[in-house]
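Q: I should like to learn how the features of a protein structure are read. May we work through one together?

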Amino acid sequence: TRSRTGKMLPPKLGLLAYVADAYLDGRTTAHNVVDMVRAGREFSSTRPVAQRLSRSWAAVGQSQGGGAAIYTARYATEFGGEELDYRGAVGTGTPAYIERLVQIAGPGVPPVAITPALTAYLSYILAGLRYAHPELGIDRILTPTGRKYVALAETRCVGEFEEQLRG
């Protein structure tokens with residue numbers, strides 16, 4: 001199964017009806033990263049010894065992957081148990097202070113047209129917030145167009161979504 005960004009998904013996440021931005025749900029993200037490490041080790045266990053994956057591992061990521069690496073750092077030893085030897089994480093371009101961007105958003109903000117890429121990014125953030133924090137009532141503050149874009153963010157890969165926004 002692939003996510004909306006085209007990345008392969010581990011079975012737990014891939015079984016959901018749709019994939020919200022899991023980087024807003026750190027515990028689930030960390031579980032999925034540790035599950036991928038386990039799956040990789042299991043897959044390689046039948047390979048020649050030189051091709052097997054070590055039980056020692058680290059997480060490295062950029063942007064959304066940076067957020068995943070940082071969340072994984074928090075939970076890796078707990079979720080990996082004795083079978084895995086977690087060594088550390090590097091997260092670069094880690095999403096931070098997104099709430100400051102979302103706080104000022106609204107009709108007419110920003111006062112200029114934004115690119116399809118930024119529209120898609122903001123839509124994915126709002127879809128993730130709606131999933132992770134239903135108590136916020138995200139749909140109540142969106143225009144009909146905003147609700148349409150957030151719904152698209154739940155089902156479209158980024159390239160397809162941006163193309164639809166251009167069209």
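**Reading the chain, element by element**

A: Of the 167 residues of the chain, 34% count as buried. Please keep in mind that this is a predicted model.

Q: How many helices and strands are there in the chain, and in what order do the elements run?

A: The chain has eight helices and two strands. Read from the N terminus on, the elements follow the order α-α-β-α-β-α-α-α-α-α.

Q: How is the pairing of strand 1 and strand 2 described?

A: Strand 1 (residues 56-62) and strand 2 (residues 85-92) pair in the parallel sense, over seven bridges. As one example of residues that face each other, Ala58 stands opposite Gly88 in strand 2.

Q: Which residues of strand 1 lie on its covered face, and which on its uncovered face?

A: In a regular strand the side chains alternate between the two faces of the sheet. In strand 1, the covered face holds Trp57, Ala59 and Gly61, while Ser56, Ala58, Val60 and Gln62 make up the uncovered face.

Q: Where does Ser63 lie, and what is its phi value near?

A: Ser63 lies in the loop between strand 1 and helix 3. Its phi is near 60 degrees, a positive value in a residue other than glycine. Ser63 counts as partly exposed because its relative accessible area is 35%, and partly exposed residues are those between the limits of 20% and 50%.

Q: How is the length of a helix such as helix 2 judged against what is expected?

A: The general idea is to set the span of the helix beside the span expected at 1.5 Å a residue. Helix 2 (residues 26-44) has 19 residues and reaches 27 Å from its first C-alpha to its last, close to the expected 27 Å.

Q: Which residues of helix 2 are buried?

A: The buried residues of helix 2 are Gly26, Thr29, Ala30, Asn32, Val33, Val34, Asp35, Val37 and Ser44.

Q: How many residues does the largest nonpolar core have, and which elements supply it?

A: In soluble globular proteins, nonpolar side chains tend to be buried together. Here the largest nonpolar core has 13 residues, and Leu126 and Phe161 have the most contacts inside it. Helix 5 and helix 7 (144-153) are the elements that give two or more residues to this core. The largest share, six residues, comes from helix 5. Apart from this core lies another, of twelve residues, among them Val33, Val34, Phe79 and Leu84.

Q: Is Gly128 of helix 5 buried or exposed?

A: Gly128 has its place in helix 5. Its relative accessibility is 0%, so Gly128 counts as buried. Gly128 also shows how sequence and space can be read side by side. Gly128 and Asp25 are 103 residues apart in sequence, and their C-alpha atoms are 8.2 Å apart in space.

Q: Which residues form the nonpolar patch on the surface?

A: The patch is formed by Leu101, Ile104, Ile114, Leu118 and Tyr121, which together have about 410 Å² of accessible area. Helix 4 (98-104) and helix 5 (116-132) each supply at least two of the patch residues. Leu118, for instance, is in helix 5, and it counts as partly exposed because its relative accessibility is 35%.

Q: How many salt bridges does a search of the whole structure find, and how is a single one read?

A: The search finds ten salt bridges. To read one, we note the two partners, the separation of the N and O atoms, and the exposure of the residues. Arg74 forms a salt bridge with Glu78, and their closest N and O atoms are 3.8 Å apart. Both residues lie in helix 3 (residues 64-80), four residues apart, or about one turn of the helix. Arg74 counts as exposed because its relative accessibility is 52%, whereas Glu78, with a relative accessible area of 47%, is partly exposed.

Q: Where do Glu162 and Arg166 lie, and is Glu162 buried or exposed?

A: Glu162 and Arg166 both lie in helix 8 (residues 158-166), four residues apart, about one turn of the helix. They form a salt bridge with the closest N and O atoms 3.6 Å apart. Glu162 counts as buried because its relative accessibility is 16%. Elsewhere, salt bridges that share partners join Arg27, Arg74 and Glu78 into one network.

Technical notes
Residues are numbered from 1 along each chain as its sequence is written. This is a predicted model: local features need pLDDT of at least 70, side-chain atom pairs count only at pLDDT 80 or more; totals for chains, interfaces and linings use all residues. Side-chain values use heavy atoms; hydrogens and water are left out. Patches are made of residues with over 30% relative accessible area and no salt bridge: like charges are joined within 9 Å, nonpolar side chains (Val, Leu, Ile, Met, Phe, Trp, Tyr) within 5 Å. Accessible areas come from the Shrake-Rupley method with a 1.4 Å probe; for residues, only the protein chains shown count as cover. A salt bridge is a side-chain nitrogen of Lys or Arg within 4 Å of a carboxyl oxygen of Asp or Glu. Buried means under 20% relative accessible area, exposed over 50%, partly exposed in between (1.4 Å probe, protein chains only). A nonpolar core is a set of buried Ala, Val, Leu, Ile, Met, Phe, Trp, Tyr and Cys residues joined through side-chain atoms within 4.5 Å. The expected span of a helix is 1.5 Å times one less than its number of residues. Two strands pair if DSSP finds at least two bridges between them.
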